[in-house]
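Got your viewer open and a selection box ready? Let's take a walk through this one, a stop at a time.

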Amino acid sequence: MVMMTTRDELEKMIQEELTHIPYIKNNLPQNLLRETYHNTRLANIKYLGTKEQALKSCIESLKKDHPDWEPVYDKEFFKI
């Protein structure tokens, strides 16, 4: 269970998590994954969602428009 008290603390935690989802130049879906992960995680933390739930939701959504895309993320950090 994640209990954060300020938006700054939430942002710091999410920025650390984003280090496990690399930015890849000229890879639009990968970089959208980072953006949508940030927004989804921020919203889903209120409901005590896990980082894995947020990432899985983002990947599923992006795969609808980019079916051949293979997301790159730290599979040891995100256990999905």
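Start by selecting Leu 55 and showing whatever surrounds it. Setting aside residues up to four places away in sequence, Leu 55 touches Ile 21, Leu 33, Tyr 37, Tyr 73, Phe 78 and Ile 80. Keep in mind as you click around that this is a predicted model.

Now widen the selection. The largest nonpolar core has 17 residues. Among those with the most contacts inside it are Leu 55, Ile 59, Ile 21 and Leu 33, along with Tyr 37, Tyr 73 and Phe 78. Helices H1, H2 and H3 each supply at least two residues of this core. Which helix gives the most? That would be H3, with five residues.

So go to H3 next: select residues 51–65. This helix of 15 residues reaches 22 Å from its first C-alpha to its last, close to the 21 Å expected at 1.5 Å a residue. Colour its buried residues, which are Lys 51, Glu 52, Ala 54, Leu 55, Cys 58, Ile 59 and Leu 62. Then turn the view to look down the axis of H3: the buried residues fall within an arc of 160°, so they line one face of the helix. Show helix H1 (7–18) and helix H2 (28–44) as well, since what covers the buried residues of H3 includes both of them.

Hop over to H1. This helix has twelve residues and reaches 16 Å from its first C-alpha to its last, close to the 16 Å expected at 1.5 Å a residue. Its buried residues are Leu 10, Glu 11, Met 13, Ile 14, Glu 17 and Leu 18. Try the axis view again: the buried residues of H1 fall within an arc of 165°, so they line one face too. Flip to the face turned away from that buried side and you'll find the exposed residues Asp 8 and Lys 12. As for the cover over the buried residues of H1, H2 and H3 are part of it.

Time for the rings. How many aromatic pairs turn up in a search of the whole structure? Three. Select Tyr 37 and Phe 78: their ring centres are 5.6 Å apart and their planes are at 80°, so the pair is edge-to-face. Tyr 37 lies in helix H2 and Phe 78 in the segment after H3, so this pair ties together parts that are 41 residues apart in sequence. Are these two buried or exposed? Tyr 37 is buried, at a relative accessible area of 0%, and Phe 78 is buried at 0% as well.

Add Phe 77 to the selection. Phe 77 and Phe 78 also form an edge-to-face pair, 4.9 Å centre to centre with 85° between the planes. Phe 77 is partly exposed, with a relative accessible area of 22%. Bring in Tyr 73 and you have the whole cluster: ring pairs link Tyr 37, Tyr 73, Phe 77 and Phe 78.

Last stop: the lysines by those rings. Show the side chain of Lys 51, back in H3, and you'll see its charged end sitting over the ring of Phe 77, 4.7 Å from the ring centre. Then show Lys 75, whose charged end sits over the ring of Tyr 73, 4.3 Å from its centre.

Methods:
Residues numbered from 1 in each chain as written. Predicted model: local features only at pLDDT ≥ 70, side-chain atom pairs only at ≥ 80, totals over all residues. Heavy atoms only, no water. Helix = DSSP H or I, 4+ residues; strand = E, 2+ residues; numbered from the N terminus. Expected span 1.5 Å × (residues − 1). Buried < 20%, exposed > 50% of the residue type's maximum accessible area, 1.4 Å probe, protein only. Arc of directions from axis to C-beta. Contact = heavy atoms within 4.5 Å. Core = buried A, V, L, I, M, F, W, Y, C linked by side-chain atoms within 4.5 Å. Phe/Tyr/Trp six-rings, centres within 6.5 Å; stacked < 30°, edge-to-face > 60°. Lys NZ or Arg CZ within 6 Å of the ring centre and 35° of its normal.
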